[in-house]
Amino acid sequence: MTLSIFDVFIKYYPLFLKGLVGTLKYAAIAVFFGSILGSLISLLNIAKNTVLNTIGNVYVTVLRGTPLLVQMYIAYYFLPMAIPALNALNKETCVIISLILNSSAYVAEIIRGGISSVDIGQMEAARSLGMSYRHAMVKVILPQAIRAILPSLANEYIAMIKETSLAGTFMLYELMYTRTLLANKYLIWQPLFIIAFIYLVVTVFLSMLVKLLEKRLAVSERA
Amino acid sequence: MKEHDKEVLIKVEDLHKSFGELEVLKGIDEEIARGEVVSIIGPSGGGKSTFLRCLNLLEVPEQGSVIFEGEDITRLSKGKDLDLIRQRIGMVFQQFNVFPHLTVLDNITLTPMLEKKLSRKEAEEKAYALLEQVGLIDKADEYPSRLSGGQKQRLAIVRAMAMDPDVMLFDEPTSALDPEMVKGVLNVIRDLALSGMTCVIVTHEMGFAKSISDRVLFIDDGVVIEEGAPEEVFENPKSERLQAFLNEVL
């Protein structure tokens, strides 16, 4: 007898819920620490030093130019070998690290984009008043850049929710991992549709929140 | 305003500036005295804005020097020293460049509080006095998006004035304004000039340049082609290029 999608969901919903919690958690960890690391990387990118710029550029280019799945495999197998201290860490942590690194590259790019979206005249005005570069950045440029950065960061979180589905490959308990669990019970196709539906509901809902955020930022700009 | 003493405030020597292959300034020597009002006229792309922007090192010249109050500022290391110099050189831009995320009042008080360590009370008292002068006192708590172009430019002028500069540089201050806003902004600049402030004004407003200036420079093709008292420059131009330019714009 074949169970319907609905039957499978009713029967196994705690597994899916646990998976969803895992997905949201891993995405949050990736974007939170990715934002911290990405901010530091973006400092390299905007520094007036060619060596630092190059390091930042290479970092961002490599992490954005290679598939996350490849990065995860490398993190999973080679990170513990390359960095002995990581030997003490479990495999799960290595996969999470690769999520964080990947996210940090995108966040660095978001911050760079946000800063360059601010009119050059703002920096010139601040500096011509005799403001230091640091003050001009902190008091004039960043408060304006943040309007562009915040919605993009939220979108990065939504993107990460989908990206974390790859972590199931490494036995991390997130939404996609429920597929593996239920496949062991010979449930092949029903879980896939349930999983797809849950991703869709979550990303559409969060996208609506981002739209609201953008609207509010636009209003406060006009006010 | 014409009986200013002859103390040289800004001295420019052999100024050269290129953008890539394009040589924009081809050797300018100039002296601006304290209290003097100098207008710079000339065709677009002739180098007048670049010249002005070299005076506070927004553009860094490749060759030559800018001596401000006796100090060669092209030799200063970028950083604190240059910031201190720039605090004494106010600048007003064509596109206003007011800070959109700050109220009118905060636009004015931000830099004095940050860089001159004025208390909020001191900075605000000064800001209110300046806003009163330019008729923006009732806008103090508004954001710039609620201001007209003319009001934004007047805000930009008092924002620069709040640093107590020794000279004010104006880079085509009325070129981005609707025609009906121009007069109000020019009146503010005129009041400043009459109060004895040294002003260097890049402008296309020939009538204004003629009536307000102690001296007019005609810059084209990266050099000062002709200069002199406004009557001479406008009534009796000597070079062909200035004659052609004036025919074009008057």
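Me: Which residue in E4(B) stands opposite Lys11(B)?
Reply: In this predicted model, strand E1 (residues 8-19) of chain B runs antiparallel to strand E4 (residues 63-68) of chain B, with five bridges joining them. Strands here are DSSP runs of E, at least two residues long, numbered from the N terminus, and two of them pair if DSSP finds at least two bridges between them. Opposite Lys11(B) in E4(B) stands Ile67(B).

Me: At what pLDDT do side-chain atom pairs count?
Reply: Residues are numbered from 1 along each chain as its sequence is written, chains are lettered from A and ligands numbered from 1 in the order written, and side-chain values use heavy atoms, leaving out hydrogens and water. As the model is predicted, totals for chains, interfaces and linings use all residues, local features need pLDDT of at least 70, and side-chain atom pairs count only at pLDDT 80 or more.

Me: Which residue takes a positive phi in the hairpin of E1(B) and E2(B)?
Reply: E1(B) and strand E2 (residues 22-33) of chain B pair in the antiparallel sense over nine bridges, and Val8(B) has Ala33(B) as its bridge partner in E2(B). The hairpin has two residues between the strands, and the positive phi, near 60 degrees, belongs to Gly20(B).

Me: Which helix gives the most to the largest nonpolar core?
Reply: A nonpolar core is a set of buried Ala, Val, Leu, Ile, Met, Phe, Trp, Tyr and Cys residues joined through side-chain atoms within 4.5 Å, where buried means under 20% relative accessible area (1.4 Å probe, protein chains only). The largest has 87 residues, and Ile10(B), Phe51(B) and Leu55(B) are among those with the most contacts inside it. With seven residues, the helix (a DSSP run of H or I, at least four residues) that gives the most to this core is H6 (residues 179-194) of chain B.

Me: How much area is buried between chain B and chain A?
Reply: The contact (heavy atoms within 4.5 Å) takes 24 residues from chain B and 21 residues from chain A. Buried area is the accessible area (1.4 Å probe) that two parts lose on being put together, summed over both. Carbon and sulfur atoms give 56% of the total, which is about 1900 Å².

Me: How many salt bridges are there between chain B and chain A?
Reply: A salt bridge puts a side-chain nitrogen of Lys or Arg within 4 Å of a carboxyl oxygen of Asp or Glu. The side chains of Arg127(A) and Asp83(B) meet in this way at 3.1 Å, N to O. Between chain B and chain A the count is two.

Conventions:
Buried < 20%, exposed > 50% of the residue type's maximum accessible area, 1.4 Å probe, protein only.
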